[in-house]
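Please open the model in your viewer and keep the selection panel at hand. The tour moves from one selection to the next and says what is found at each stop.

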Amino acid sequence: MKRIVLACSAGMSTSLVVTKMEKEAQTRGLELKIYAIPEQNLRDELQSYGGDILAVLLGPQVRFKLTENKKLTDAYQIPIAVIDSVAYGTLNGAKVLDQALGLVD
């Protein structure tokens with residue numbers, strides 16, 4: 001199953017966005033595993049599941065780590081971006097899902 005990984009400072013605040021994204025993916029008939037992890041665990045996540053990860057989205061609170069993490073994701077040819085802060089703040093799962101899927105196209 002393909003994965004979308006959201007990486008934030010603790011992996012907890014993003015769980016609400018994940019829930020909204022999962023509901024939206026279900027509505028669209030997409031079989032995706034969407035989950036949040038602490039940003040510092042991204043390297044291990046890529047090593048374990050790199051071939052299955054479609055995209056990585058960073059929480060706005062760790063946007064300053066984009067360049068550092070892009071080096072990691074580039075090694076696996078996985079796109080990465082910072083979650084749109086308005087979509088994140090309003091828990092707009094559809095918009096965040098669109099952002100993730102847009103990275104893959």
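The stops below take in the nonpolar cores and then individual residues of interest in this predicted model.

Begin by selecting Ile4, Leu6, Met21, Ile34, Leu57, Val96 and Leu97, which are the residues with the most contacts inside the largest nonpolar core, a set of 17 residues. Next, colour the elements that give two or more residues to this core, namely strand 1 (2–8), helix 1 (15–27), strand 2 (32–38), strand 3 (53–58), helix 4 (85–89) and helix 5 (93–104). Of these, helix 1 supplies the largest share, with four residues.

Now centre on Met21 and display its surroundings: leaving aside residues up to four places away in sequence, Met21 touches Ile4, Leu6, Ile34, Gly93, Val96 and Leu97. Apart from this core lies another one, of 14 residues, which includes Ala7, Ile37, Leu46 and Leu58.

Move then to Val5 in strand 1, which counts as buried because its relative accessibility is 0%. Again leaving aside residues up to four places away in sequence, the contacts of Val5 are with Tyr35, Ile37, Glu45, Ile53, Ala55, Val56 and Leu57. If you add Glu39 to the selection, a C-alpha to C-alpha distance of 9.9 Å separates Val5 from Glu39, although the two are 34 residues apart in sequence.

Finish at Cys8, also placed in strand 1, for which an unreviewed UniProt entry carries the annotation "modified residue: Phosphocysteine". Is Cys8 buried or exposed in the model? Cys8 is buried, because its relative accessible area is 0%, where the cut-off for buried is under 20%.

Methods. Residues numbered from 1 in each chain as written. Predicted model: local features only at pLDDT ≥ 70, side-chain atom pairs only at ≥ 80, totals over all residues. Heavy atoms only, no water. Core = buried A, V, L, I, M, F, W, Y, C linked by side-chain atoms within 4.5 Å. Buried < 20%, exposed > 50% of the residue type's maximum accessible area, 1.4 Å probe, protein only. Contact = heavy atoms within 4.5 Å. UniProt positions renumbered as here; feature names shortened; annotations may be inferred.
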